[in-house]
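Open the model in a viewer and keep the sequence panel visible. The stops below go from the whole chain to one sheet and then to the nonpolar cores.

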Amino acid sequence: MTVDQTKTPLFTALKEHAGRNPVQFHIPGHKKGVGMDPEFREFIGDNALSIDLINIAPLDDLHQPTGVIEQAQKLAADAFGADHTFFSVQGTSGAIMTMILTVCSQGDKIIVPRNVHKSIMAAIIFAGAKPVFLKPVRDENLGIDHGVTTSSVRRALERHPDAKAVLVINPTYYGVCANLKEIVDIVHGYNIPVLVDEAHGVLIHFNEKLPMSAMQAGADMAATSVHKLGGSMTQSSVLNIREGRVNVRRAKTIISMLTTTSTSYILLGSLDCARRNLALNGQAIADRAIELANYARKEINSIPGLECFGEEILGTEATFDYDPTKVNIHVRHLGLTGYDAENWLREHYNIEVEMSDMYNILCLVTPGDTRDNIETLLTALRRMSEENYNIRTANELVIKIPKIPQLTLTPRDAFYGDTEIIPFKESADRIIAEFIYVYPPGIPILLPGEVISQDLIDYITEHIEVGLPVKGPEDRSIENVKVIVETPAIF
């Protein structure tokens with residue numbers, strides 16, 4: 001059957017429905033904006049409010065689509081090279097949780113990188129699964145993490161052939177990819193499904209200059225973030241599935257369990273149109289973004305004290321390919337931290353970057369960028385260099401990451417277990433019952449169920465003292481930490 005990618009069945013139906021101007025005796029209560037705060041209405045505009053609708057019959061229902069949403073999802077499946085595509089209004093996090101809860105239940109093992117997004121750990125807790133961690137490869141020159149290697153996946157499968165799934169991040173936040181096709185082939189040799197966190201990779205499917213997408217590599221499920229880089233509205237995403245190793249009906253049930261029954265048609269409509277734009281123009285818009293990013297990279301590399309990695313990073317197992325639209329600027333030689341640079345750019349040039357860590361700032365160049373944006377960034381970076389290079393002392397790149405702690409309880413048992421609060425500095429050898437994330441490098445340092453070591457206490461305390469944001473625990477200041485109550489031994 002030929003598929004017409006110029007059509008937007010859902011968005012067209014929304015516009016037609018709004019155009020008929022029906023009398024609404026259903027939610028939302030603002031009823032096309034009339035019943036809401038006038039300032040907000042004026043700012044948002046009546047067009048948007050006219051399609052802020054709910055699952056009435058003419059507009060289909062995301063929970064059991066049989067009409068325009070089903071047609072829109074079929075077009076998306078065709079565009080993404082999937083057998084089935086489900087729209088998510090719970091962001092990519094909802095799609096990631098769906099993948100894991102589809103394949104894992106209580107006590108099942110799942111092989112995951114240690115630098116996973118917190119939605120992955122949340123799903124592991126909900127499922128009661130046992131994570132088997134792969135160590136991501138550290139980049140000693142940049143102070144960041146890449147993905148996992150083919151050989152580490154192979155070793156994990158030799159030790160845990162009973163795992164229910166292998167999850168990989170492709171590409172990483174910084175745009176770097178391992179050899180996904182090779183990893184998929186190895187995992188499929190054990191007849192185990194491969195799940196891909198493709199939050200930062202929506203464009204890669206539409207342009208051959210970019211790394212291979214999850215569906216192209218033969219993965220079984222991928223959570224692909226359309227809103228991040230593909231032009232839909234924030235919080236809208238897709239779950240792409242290939243039939244065979246995954247129970248599609250179960251995935252459908254689970255995504256529905258995780259999804260609000262008041263689904264936003266503004267988000268769904270934006271997904272429908274973003275898919276059309278990617279299918280028809282994806283190649284051209286990605287080309288433009290790549291061209292702008294490569295220009296930025298070349299210019300940044302000629303600014304004293306700044307470095308922006310490119311193709312020279314390739315050639316190791318963990319750096320098989322990369323997405324050039326992720327422009328990572330290493331600022332250490334200016335004697336600044338990434339946080340300093342982020343704040344400086346905000347204060348002096350009204351520039352907001354995607355993220356910063358100890359040594360880097362990350363700028364995303366997307367189809368929404370223009371040459372002017374890039375020039376503004378370059379002007380700002382040149383001035384930042386003039387004010388700091390050879391004036392401040394360059395920071396040493398210090399990377400001493402404690403080894404991955406021992407997991408002694410499943411994250412679920414720890415998270416829901418009997419707990420008490422104790423001073424963090426006295427918590428060595430206790431089992432933690434909450435998360436602690438430290439940036440850099442953005443990896444959860446401690447997860448529920450792991451043993452706190454003195455090394456980890458020192459490492460985290462050091463980060464707090466430098467003023468780096470530590471996230472996760474209920475006590476934001478990290479004076480105290482929640483641990484599992486120890487049952488005294490009986491003699």
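Of the contacts in the protein with a separation of 6 or more, 72% are between residues 24 or more positions apart; a contact means heavy atoms within 4.5 Å. This is a predicted model, in which local features need pLDDT of at least 70 and side-chain atom pairs count only at pLDDT 80 or more, while totals for chains, interfaces and linings use all residues. Residues are numbered from 1 along each chain as its sequence is written, and side-chain values use heavy atoms, with hydrogens and water left out.

Stay with the whole protein for the moment. The C-alpha trace spans about 70 × 65 × 50 Å along its principal axes. The radius of gyration, taken over C-alpha atoms, is 24 Å, close to the 23 Å given by the globule rule for 491 residues, so the protein is as compact as a globular protein of that length. That rule is 2.2 Å times the number of residues to the power 0.38. Buried residues (under 20% relative accessible area, 1.4 Å probe, protein chains only) make up 56% of the 491 residues.

Switch to cartoon. There are 15 helices and 20 strands, taken as DSSP runs (helices H or I, at least four residues; strands E, at least two) and numbered from the N terminus.

Select 307-308, 326-330, 355-356 and 360-364. These belong to an open sheet of four strands in the order β11-β13-β15-β14, with antiparallel pairing; two strands pair if DSSP finds at least two bridges between them. The edge strands β11 and β14 each pair on one side only. Two bridges join β14 to β15, and S356 stands opposite I361 in β15.

Add helix α11 (265-300), which packs on the sheet, touching β11 and β13, with its direction at about 10 degrees to that of β13. Then add helix α12 (338-349), which touches β14 and β15 and makes about 50 degrees with β15. Axes are lines fitted to C-alpha atoms, for helices over the stretch in contact, and angles run from 0 to 180 degrees between N-to-C directions.

Next, select I100, I110 and L195, the residues with the most contacts inside the largest nonpolar core, which has 36 residues. Such a core is a set of buried Ala, Val, Leu, Ile, Met, Phe, Trp, Tyr and Cys residues joined through side-chain atoms within 4.5 Å. Elements giving it two or more residues include α5 (91-103), β2 (109-113) and α10 (248-257). Domain 1 (9-279) and domain 3 (411-484) both contribute residues, so this core lies between them; the domain bounds come from an automatic or database assignment.

Finally, select L10, L14, I51 and F87, which are among the 34 residues of another core, apart from the largest one.

Note on methods:
Buried means under 20% relative accessible area, exposed over 50%, partly exposed in between (1.4 Å probe, protein chains only).
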